[in-house]
Amino acid sequence: MNAAAKLGAYVLGLAVVFGGALGAGQVVGPTAAPAQQVEDHAAMAPQGEHEQTKSDTPRGLQVSENGYTLNPLTTVKPGEPTDFRFTVTGPDGRPVTDYQVEHDKKLHFIVVSRDLGSFQHLHPVQDGDGVWSVKLTLADPGAYRAFADFAPAGGSGLTLGADLLVAGDYAPKPLPRVARTATVDGYAVSLAGDLVPGQASKLTLSVSKDGRPVTDLQPYLGAYGHLVALRAGDLAYLHVHPEESVKAGPEITFYAEVPSGGEYRLFLDFQHDGKVRTADFTARAAGAGAAQPGADGHGH
């Protein structure tokens, strides 16, 4: 099997259900693999396998849905800042130029590595012809997934996903261990609550610094926190926001629903002292033989 075929086999996700969709499936997490050579961006697997629209397909697994298609226009080289460009074309085949504003933005652009170790939440700008652009740096070679989260004018919200490949020696990393705490830039974030398949699960994240609760969080995207959850294995996407609160911390509460047991990556964006930071967790939903995470889980 050549290198391109190996990578193609790795990046194919399972079609499972996420975030209130019908059905259930088993989770397949990333597996250890020998270093691979990504020979050429053009060798990426075709997107056609995602193009059929199904009512029970999780968000983010399709490059096309309801006549809308995500079209990357730029190749990315490892470690080089790139003016990344893309379009979303509509049912008429033309780039969409009119969007609804949701959470302070017309479009949210998320880029993660396929091993879920790298996460970027970006906000591109749109020109008059419907072409979006954003500065994007992907530090390491390998497979990435880009998500465009948006609602066209007069339409419902969509999340489209496309694979990005960065040429070079590629060795996926193991999924970080399940943990209840995360640290970033001197901040500690703790996670309370459990993911329970088939029902809305209350998740409370508490932010502290130097051992003291942070009570002056600043609004970010219209709230005091912003959470993205991705299912390990297929990278099914759940974009959630907290319940309304007049308190600026330390607690931010979200509700998330997952259909079955398995591991998920949670990425919390919060703003303090004028800077947005991201705390990341691996959480496990009980069910299908998966044990519930305990308070003594280990992070990375």
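A contact here means heavy atoms within 4.5 Å.

**Figure 1. Overview of the predicted model.** The structure shown is a predicted model. Of the contacts in the protein with a separation of 6 or more, 65% are accounted for by residues 24 or more positions apart. The secondary structure consists of 1 helix and 20 strands. The protein has 300 residues, of which 48% count as buried. About 13,600 Å² is exposed by the protein, and carbon and sulfur atoms supply 49% of this area.

**Figure 2. An open sheet of 5 strands.** The strands of this sheet follow the order 2-3-4-8-7, with antiparallel pairing. Its edges are strand 2 (64-65) and strand 7 (125-126), each of which pairs on one side only. Strands of a sheet pair through backbone hydrogen bonds, either parallel or antiparallel. Between strand 2 and strand 3 (residues 68-72), the antiparallel pairing runs over 2 bridges. Ser64 has Thr69 in strand 3 as its bridge partner.

**Figure 3. Arg85 in strand 4.** Arg85 is found in strand 4. Its relative accessibility is 34%, so Arg85 counts as partly exposed, the range for that class lying between 20% and 50%. Not counting residues up to four places away in sequence, Arg85 touches Asn71, Pro72, Leu73 and Thr74, as well as Val131, Trp132 and Ser133. Asn71 and Pro72 fall within strand 3 (residues 68-72). From C-alpha to C-alpha, Arg85 and Val134 are 6.7 Å apart in space, while in sequence they are 49 residues apart.

**Figure 4. The stacked pair of Phe86 and Trp132.** The model has a count of 10 aromatic pairs. One of them is the stacked pair of Phe86 and Trp132, with 6.4 Å centre to centre and 10° between the planes. Phe86 lies in strand 4 (residues 82-89) and Trp132 in strand 8 (residues 131-136), so this pair ties together parts that are 46 residues apart in sequence. Both Phe86 and Trp132 are buried. The two residues also belong to one aromatic cluster, together with Tyr68, Phe84, Tyr99, Phe109 and Phe150.

**Figure 5. The stacked pair of Phe119 and Phe267.** Phe119 and Phe267 form a stacked aromatic pair, at 4.3 Å centre to centre and with 5° between the planes. Distant parts of the chain are linked by this pair, since Phe119 is in strand 6 (residues 119-122) and Phe267 in strand 19 (residues 262-272), 148 residues apart. Phe119 and Phe267 are both buried.

**Figure 6. Val184 and its contacts.** Val184 lies in strand 12 (residues 181-184). With a relative accessibility of 15%, Val184 counts as buried, because the class covers values under 20%. Leaving aside neighbours within four places in sequence, Val184 is in contact with Phe270, Arg277, Thr278 and Ala279. Among these, Thr278 is 94 residues from Val184 along the chain, and their C-alpha atoms are separated by 7.1 Å. Phe270 falls within strand 19 (residues 262-272).

Key. Residues are numbered from 1 along each chain as its sequence is written. This is a predicted model: local features need pLDDT of at least 70, side-chain atom pairs count only at pLDDT 80 or more; totals for chains, interfaces and linings use all residues. Side-chain values use heavy atoms; hydrogens and water are left out. Two strands pair if DSSP finds at least two bridges between them. Helices (H or I, at least four residues) and strands (E, at least two) are DSSP runs, numbered from the N terminus. Rings of Phe, Tyr and Trp (its six-membered ring) pair if their centres lie within 6.5 Å; planes under 30 degrees apart count as stacked, over 60 as edge-to-face and the rest as tilted. Buried means under 20% relative accessible area, exposed over 50%, partly exposed in between (1.4 Å probe, protein chains only). Accessible areas come from the Shrake-Rupley method with a 1.4 Å probe; for residues, only the protein chains shown count as cover.
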